[in-house]
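Here are some notes for a colleague who is opening this structure for the first time. Please keep the sequence and the model side by side while reading the points.

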Amino acid sequence: MPCWPLLASALSAFLAALGLLHLRWNSRRPIRYGKHEEDQGEGEGEREGREPSEEEEEKGKARRGASGEGGAHLPARCAWFLQELPAFLVPSLLLASREPPRLAPLGCRMLLGMFCGHYFYRTFIYSFLTRGRPFPLKTLYFGMLFCTYNGFLQGYYMIYCAEYPDDWCNSLRFTSGFLLFLFGIGINIHSDHILRQLRKPGELTYKIPQGGLFAYISGANFFGEILEWFGYAVATWSLPAFAFALFTLCCIGPRAYHHHRYYVRTFSSYPRSRKALIPFIF
């Protein structure tokens with residue numbers, strides 16, 4: 001397969017634009033799954049900074065029912081597996097179909113070790129450990145589309161377009177980016193573990209997370225994943241990777257903000273010193 005730089009640039013620009021649109025759309029209204037499916041308080045009252053009336057709550061329920069947000073769900077483990085699988089499978093298939101030597105270029109090794117390594121964890125480990133609530137099919141569908149699109153973009157560029165000098169692994173860009181990636185994935189995995197320990201098997205109630213970076217921010221798991229992909233972008237120094245990092249920030253950054261608001265609104269004992277996403281800042 002030849003490299004078409006214009007194709008990679010166009011797909012990257014679309015991904016970045018999609019992230020910015022997502023940020024605009026979901027900065028005030030969270031995607032409705034998990035704890036936010038129960039969050040009936042959003043609507044006119046919340047946008048105005050006050051508690052909604054009963055009439056506004058009923059209108060909100062009616063809107064969600066009409067838009068299908070209360071539709072079919074899949075068990076969390078099955079849904080997470082199906083959603084994350086394309087991001088691992090698509091670049092893996094691209095690597096497997098490449099003419100030998102398959103892993104000789106540095107770009108292929110970085111793709112396999114960093115990008116596919118993350119999604120191997122998310123697909124085959126995280127999905128079977130999660131204790132989350134049933135997942136809306138609508139959200140699952142769009143998640144699978146995104147993972148397929150992004151898996152192809154990252155795989156196509158790193159396998160067929162990326163070119164690195166022999167000493168790239170000794171450069172400041174790669175070293176700092178790789179260390180940031182490892183730091184981020186460590187935070188992400190540790191935070192996932194803390195969240196899982198909040199629930200007993202079969203339990204679906206939400207509790208205040210404690211420990212790790214949760215002592216400083218409500219979205220420690222999101223913060224770790226954002227660090228991961230900005231580290232990957234710096235290490236690879238590629239337009240598709242930076243577009244993906246921007247999309248990640250625009251997508252799960254607002255979710256961390258809405259999680260923080262949920263915790264503050266739900267738990268009167270929630271630590272007021274905690275920030276939403278960035279320790280001591282935001």
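Contact here means heavy atoms within 4.5 Å. The model is a predicted one, and the points below should be read with that in mind.

1. A good place to begin is Asp-192, which is found in helix α7. Because its relative accessibility is 4%, Asp-192 counts as buried, the cut-off for that word being under 20% relative accessible area. Leaving aside its neighbours within four places in sequence, Asp-192 is in contact with Tyr-121, Arg-122, Tyr-126 and Asn-221.

2. Arg-196 also deserves a careful look, and it lies in helix α7 as well. Which side chain of opposite charge is nearest to Arg-196? That side chain is Asp-192, at 5.1 Å, and Arg-196 is buried yet has no salt bridge; a salt bridge would need a side-chain nitrogen of Lys or Arg within 4 Å of a carboxyl oxygen of Asp or Glu. If residues up to four places away in sequence are not counted, Arg-196 touches Tyr-121, Tyr-126, Leu-129, Thr-130 and Arg-131.

3. On the surface, Phe-120, Phe-124, Ile-125, Phe-128 and Leu-129 make a nonpolar patch of about 430 Å². One of these residues, Phe-124, is found in helix α5, and it counts as partly exposed because its relative accessibility is 32%.

4. Turning to the interior, the largest nonpolar core has 38 residues, of which Met-110, Phe-115, Trp-229 and Tyr-232 touch the most other members. At least two residues of this core come from each of α1 (5–26), α4 (76–97), α5 (106–129), α6 (137–161), α7 (172–197), α8 (220–236) and α9 (239–266). Another core, of twelve residues, lies apart from it, and includes Phe-214, Ile-226, Leu-227 and Leu-277.

5. Met-110 can be followed in detail: not counting residues up to four places away in sequence, Met-110 touches Phe-115, Met-158, Tyr-164, Trp-168, Phe-174, Tyr-232, Ala-235 and Thr-236.

6. Finally, Leu-95 has its place in helix α4 and is buried, with a relative accessible area of 7%. How far apart in space are Leu-95 and Cys-108, C-alpha to C-alpha? The distance is 7.4 Å, while in sequence Leu-95 and Cys-108 are 13 residues apart. With its neighbours within four places in sequence left aside, Leu-95 is in contact with Arg-102, Leu-103, Cys-108, Leu-111, Leu-112 and Ile-159.

Terms used: Residues are numbered from 1 along each chain as its sequence is written. This is a predicted model: local features need pLDDT of at least 70, side-chain atom pairs count only at pLDDT 80 or more; totals for chains, interfaces and linings use all residues. Side-chain values use heavy atoms; hydrogens and water are left out. A nonpolar core is a set of buried Ala, Val, Leu, Ile, Met, Phe, Trp, Tyr and Cys residues joined through side-chain atoms within 4.5 Å. Buried means under 20% relative accessible area, exposed over 50%, partly exposed in between (1.4 Å probe, protein chains only). Helices (H or I, at least four residues) and strands (E, at least two) are DSSP runs, numbered from the N terminus. Lys and Arg count as positive and Asp and Glu as negative; His and the chain ends are not counted. Patches are made of residues with over 30% relative accessible area and no salt bridge: like charges are joined within 9 Å, nonpolar side chains (Val, Leu, Ile, Met, Phe, Trp, Tyr) within 5 Å. Accessible areas come from the Shrake-Rupley method with a 1.4 Å probe; for residues, only the protein chains shown count as cover.
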